[in-house]
Amino acid sequence: MTDHHDPDLLLGRLLGPSEPEVACETCFEELDRYVDLELAGRNADAEVPGLRAHLDGCPACHEEYESLKQFAGGGA
Amino acid sequence: MRDVSTASLQVEPMLEPHPDQHGPLQPPPPQPELDPVSRAWVASLRPAAPGHDEAVARLRALLLRAARFEAGRRRDALRFLRPSELDDIAEEAASDALLAVLAHLDDFRGLSRFTTWAYKFALLEAAVKLRRRAWQDREMPVEAAAWDVLAARTDDPSVAVERSDLLRAVQAAIEEQLTPHQRRVLLALAVQGVPIDVLAERLSTTRGALYKTLHDARRKLRRELAAAGYDLDVGEEVS
């Protein structure tokens with residue numbers, strides 16, 4: 001359940017990211033590239049624009065990003 | 001293929017071009033040559049390739065490890081499941097992911113390692129199944145409860161005045177500017193914490209379509225509030 005106690009978090013969830021963002025489908029298509037760029041220490045946000053904003057706005061895609069980054073990065 | 005979650009992501013592109021930014025609309029980068037390990041994976045997974053069956057078995061083992069990793073991350077939310085039930089879900093996710101990877105082999109562009117590309121299918125399949133399992137016996141929260149949450153935050157004396165004002169304006173805009181469907185989706189996802197895959201299943205739609213609805217609702221709210229002069233510089237990480 002959503003944390004209701006932080007008004008900024010609640011407002012962030014209601015209003016979403018201000019920047020242009022990709023859709024869930026594009027996020028899934030690009031997620032492996034984005035994660036490997038990050039793991040290689042490169043500027044993933046510059047190379048895959050719109051994905052970070054989507055991750056900020058979509059909790060489900062963000063969870064999958066966190067999992068992929070940790071698993072592919074050998075943290076499993 | 002049963003319940004292939006990747007299909008639930010399908011939706012028309014939702015991006016509206018930003019006048020100052022062309023980023024998300026850039027063409028994809030040129031396709032690089034595959035690294036040797038990825039090339040070996042792709043070659044060995046072709047149907048008639050030598051060692052095909054062994055490669056498929058190795059891939060499934062990797063996908064199962066990824067699915068079990070995802071199950072482990074969500075174990076606390078699924079304490080009511082026996083370990084064997086959790087593992088059954090991981091096994092099912094690995095099998096579905098294997099089918100998805102093999103079906104999409106030609107889509108692998110070599111922009112990441114092959115294993116990273118393949119893992120994302122297993123993690124998605126497992127995450128969707130586990131979110132749905134966690135909510136399987138739960139009713140959808142009623143909309144009135146979301147309004148109670150918003151009212152409680154707005155009236156909370158510990159919340160700064162400008163935040164209370166903004167929350168009040170957001171509530172008014174939700175009531176007055178959004179369609180009933182946009183309102184229902186926004187409140188369920190953003191206030192009540194219903195996972196998007198769960199809501200998609202209950203509403204017989206896709207995750208992609210629901211996120212498009214959420215995105216449109218948010219943009220409508222932002223436009224309305226900005227026009228009314230509100231400062232919308234709020235914490236944007238919503239996960």
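This is a tour of a predicted model, taken chain by chain, with a selection to make at each stop.

**Stop 1: chain A**

Select chain A and show it as a cartoon. There are five helices and zero strands, and reading along the sequence gives the pattern α-α-α-α-α. Switch to the C-alpha trace: along its principal axes, chain A spans about 35 × 30 × 20 Å. Colour by burial if your viewer allows it; of the 76 residues of chain A, 59% count as buried. Now look at contacts between residues with a separation of 6 or more: in chain A, 62% of them come from residues 24 or more positions apart.

**Stop 2: chain B as a whole**

Select chain B. It contains nine helices and zero strands, in the order α-α-α-α-α-α-α-α-α. Chain B has 239 residues, of which 36% count as buried. When contacts in chain B are limited to residues at least 6 apart in sequence, 74% join residues at least 24 apart.

Next, colour two ranges of chain B separately: 36–134, which is domain 1, and 143–227, which is domain 2. Taken over C-alpha atoms, the centres of domain 1 and domain 2 of chain B are separated by 34 Å.

**Stop 3: helix α3 of chain B**

Select residues 83–103 of chain B, which form helix α3. Put a distance marker between the end C-alpha atoms; they are 30 Å apart. This agrees with expectation, because 21 residues at 1.5 Å a residue should span 30 Å.

Which residues of α3(B) are buried? Show the side chains of B:L86, B:I89, B:A90, B:A93, B:A94, B:D96, B:A97, B:L98, B:A100 and B:V101. Then add α2 (52–73) and α4 (114–134) of chain B to the view, since the buried residues of α3(B) pack against these two helices. While looking down the helix, keep one general point in mind: an α-helix has 3.6 residues a turn, so residues three or four places apart point the same way.

**Stop 4: B:R133**

Stay with α4 of chain B and pick B:R133, which is found in that helix. Is B:R133 buried or partly exposed? It counts as partly exposed because 19 other C-beta atoms lie within 10 Å, where 20 or more would make a residue buried. Leaving aside neighbours within four places in sequence, B:R133 is in contact with B:L78 and B:I89. B:I89 was also among the buried residues of α3(B) at the previous stop.

From B:R133, draw a distance to B:R153. These residues are 20 apart along the chain, and their C-alpha atoms are separated by 30 Å.

**Stop 5: helices α7 and α9 of chain B**

Select residues 180–191 (helix α7) and 207–227 (helix α9) of chain B. The two helices pack at an angle of about 100°, and their axes are 9 Å apart. α7(B) and α9(B) are therefore roughly perpendicular to each other. To see the contact, show B:H181, B:Q182, B:V185, B:L186 and B:L189 from α7(B), together with B:L210, B:T213, B:L214, B:D216 and B:A217 from α9(B). By class, the contact of α7(B) with α9(B) has six nonpolar, three polar and one charged residues.

Now keep α9(B) alone. It has 21 residues and reaches 30 Å from its first C-alpha to its last, close to the 30 Å expected at 1.5 Å a residue. Finally, select B:G229, just after α9(B), where phi is positive at about 90°.

Conventions: Residues numbered from 1 in each chain as written. Chains lettered and ligands numbered in written order. Predicted model: local features only at pLDDT ≥ 70, side-chain atom pairs only at ≥ 80, totals over all residues. Helix = DSSP H or I, 4+ residues; strand = E, 2+ residues; numbered from the N terminus. Expected span 1.5 Å × (residues − 1). Buried ≥ 20, exposed ≤ 12 C-beta atoms within 10 Å, placed from the backbone. Contact = placed C-beta atoms within 7 Å. Axes fitted to C-alpha atoms, helices over the stretch in contact; angles between N-to-C directions. Parallel < 35°, antiparallel > 145°, perpendicular 65-115°, else oblique. Nonpolar A, V, L, I, M, F, W, Y, C, P; charged D, E, K, R; others polar. Domains from an automatic or database assignment.
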